[in-house]
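The report that follows works through one model, site by site, for a reader who wants the cut-offs beside the values. Please keep the structure open while reading.

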Number of protein chains: 2
Amino acid sequence: MLKNSEFVSKLRNSGLRPTKQRLKICEVLFNRDKTFHFTINDLAKNISENFNKKISLATIYNTVHAFKDKGYLKEITISSDKSYFDTNITKHHHFYDEDTNLLIDCNDNEIGKVNIKNNITGKKISSVEVLVRVASDTQNQN
Amino acid sequence: MLKNSEFVSKLRNSGLRPTKQRLKICEVLFNRDKTFHFTINDLAKNISENFNKKISLATIYNTVHAFKDKGYLKEITISSDKSYFDTNITKHHHFYDEDTNLLIDCNDNEIGKVNIKNNITGKKISSVEVLVRVASDTQNQN
DNA sequence: AATTTATATTATAATCATTCTAAACTGTTG
DNA sequence: CAACAGTTTAGAATGATTATAATATAAATT
Ligand SMILES: [Mn+2]
Ligand SMILES: [Mn+2]
Ligand SMILES: [Zn+2]
Ligand SMILES: [Zn+2]
């Protein structure tokens with residue numbers, strides 16, 4: 001639930017000029033109560049349906065990648081043909097519903113801490129992500 | 001370390017005809033001591049370097065997907081632009097070395113059991129996968 | 001073994017998500 | 001306002017994957 005002027009500062013602070021396009025994308029992505037997951041395609045459709053002025057697809061790609069690079073979005077890869085972006089940038093895990101293709105955030109009351117007993121020597125852990133695929137009981141039941 | 005005749009039965013048992021191409025791919029993938037991870041590109045290169053007769057790229061794609069569908073391979077998606085296949089089809093987790101782009105299997109002495117306290121209602125868990133990204137200490141150190 | 005049928009392979013074309021290009025446009029700074 | 005760097009844009013290019021449809025091979029049938 002941020003305001004336009006807050007987006008302007010946010011962008012300026014990251015060295016991104018607050019253009020009309022970026023502000024619209026900020027509004028769509030961050031002016032919400034809850035975080036959510038989206039694909040580039042979702043976002044492009046959302047914008048084309050809800051705004052009169054069109055934003056070029058190249059700009060949508062550029063902006064999403066810029067926001068990811070600045071840490072305002074995380075990318076979640078589910079399979080080779082589905083990449084989601086996440087406005088929840090805290091460390092968290094996911095359920096992936098194979099029936100509906102929906103990603104659902106896990107809370108700490110759903111998945112306990114992952115216990116990494118031994119790491120690769122000389123390396124630092126940069127992230128730990130759990131993906132739990134789920135499907136309705138009637139599937140995979142052969 | 002399987003023999004050619006074993007691959008023939010394996011393929012026949014899954015309803016796949018044991019063609020020369022499939023048998024060569026079986027040999028490359030499964031006639032080894034240790035399981036390993038590969039990309040389609042790796043496999044195509046391996047085959048073109050180590051066999052006199054060429055196998056069409058379409059056949060390599062078809063075969064890898066057929067083997068995946070039959071459960072002889074698992075697909076591991078690391079990021080939108082990197083999809084690996086795994087000849088280790090047991091449940092296991094991975095380290096991904098961001099410096100070398102190598103996937104490394106985790107044993108149970110490296111990652112403890114993931115504790116899933118609550119699942120989505122009405123859904124069955126079809127897989128649980130942990131991906132631990134690692135990088136050398138000198139990276140990400142700003 | 002020859003014939004028939006179903007499957008598989010192949011070269012090549014098509015697809016499609018993503019990235020590139022380079023010209024026009026806009027935000028910023030002085 | 002002028003000058004500049006950064007941004008947007010339409011459209012082209014890229015490249016991994018998939019589709020096509022002709023040819024080849026394996027299996028089943030006679
Ligand atoms: Mn991307
Ligand atoms: Mn695939
Ligand atoms: Zn999430
Ligand atoms: Zn593995």
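## A buried histidine at the zinc site

H92(A) counts as buried, at 7% relative accessibility, where buried means under 20% relative accessible area, exposed over 50% and partly exposed in between, computed with a 1.4 Å probe on protein chains only. The model is predicted, so that local features need pLDDT of at least 70 and side-chain atom pairs count only at pLDDT 80 or more, whereas totals for chains, interfaces and linings use all residues. Residues are numbered from 1 along each chain as its sequence is written, chains are lettered from A and ligands numbered from 1 in the order in which they are written, and side-chain values use heavy atoms, with hydrogens and water left out.

H92(A) is one of the residues that coordinate the zinc ion (ligand 3), the full set being H37(A) through NE2, D86(A) through OD, H92(A) through NE2, H94(A) through NE2 and D105(A) through OD, at 1.9 to 2.2 Å. Donors are here N, O and S atoms within 2.8 Å of the metal (3.2 Å for Na, K and Ca), and since water is not among the atoms, sites may look incomplete. Along the chain, the donors of this zinc ion follow the spacing H-x48-D-x5-H-x1-H-x10-D. Distant parts of the chain are linked by the pair H37(A) and H92(A), 55 residues apart, with H37(A) in strand β1 (residues 37-38) of chain A and H92(A) in the loop between β3 (82-86) and β4 (94-97) of chain A. Helices (H or I, at least four residues) and strands (E, at least two) are DSSP runs, numbered from the N terminus. H37(A) is likewise buried, with a relative accessible area of 18%.

## Relation of the two chains

Chain A can be laid on chain B with an RMSD of 0.1 Å by a turn of 180° and a shift of 0.0 Å along the axis, the superposition being a least-squares fit on the C-alpha atoms of residues with pLDDT of at least 70 in both copies. The two copies are therefore related as by a two-fold rotation axis. In chain A, the C-alpha nearest this axis belongs to V130(A), at 2.2 Å from it. The same surface serves both copies, in that 100% of the contact residues of chain A recur in chain B, with contact taken as heavy atoms within 4.5 Å.

## Surface near DNA strand D

Around DNA strand D there are 19 residues, of which T19(A), Q21(A), R22(A), T59(A) and Y61(B) come nearest; a residue is near a strand if one of its heavy atoms lies within 4 Å of it. Of the atoms of DNA strand D within 4 Å of the protein, 80% belong to sugar or phosphate, and the rest to bases.

Among the polar contacts (pairs of N or O atoms within 3.5 Å; within protein, one must be able to donate a hydrogen and the other to accept it, and residues adjacent in sequence count only if both atoms are side-chain atoms), a polar side-chain atom of R17(A) lies 3.2 Å from a base nitrogen of DNA strand D, and an N or O atom in the side chain of R17(B) is 3.3 Å from a base nitrogen of that strand. The side chain of R22(A) has an N or O atom 2.6 Å from a phosphate oxygen of DNA strand D. Two or more residues of this surface come from each of α2 (20-30) and α4 (57-69) of chain A and α4 (57-69) of chain B.

## Surface near DNA strand C

DNA strand C is surrounded by 18 residues, the closest being R12(A), Y61(A), T19(B), Q21(B) and R22(B), and sugar and phosphate account for 77% of its atoms that come within 4 Å of the protein. Phosphate oxygens of DNA strand C lie 2.5 Å from a polar side-chain atom of T19(B), 3.3 Å from a polar side-chain atom of K54(B) and 3.0 Å from a polar backbone atom of S56(B). The element that gives the most to this surface is α4(A), with three residues.

## Loop residues

N101(A), in the loop between β4 and β5 (102-105) of chain A, has a positive phi of about 60° although it is not a glycine, and N101(A) is partly exposed at 31% relative accessibility. In chain B, N101(B) has a phi near 65°, also positive, and a relative accessible area of 30%, which counts as partly exposed.
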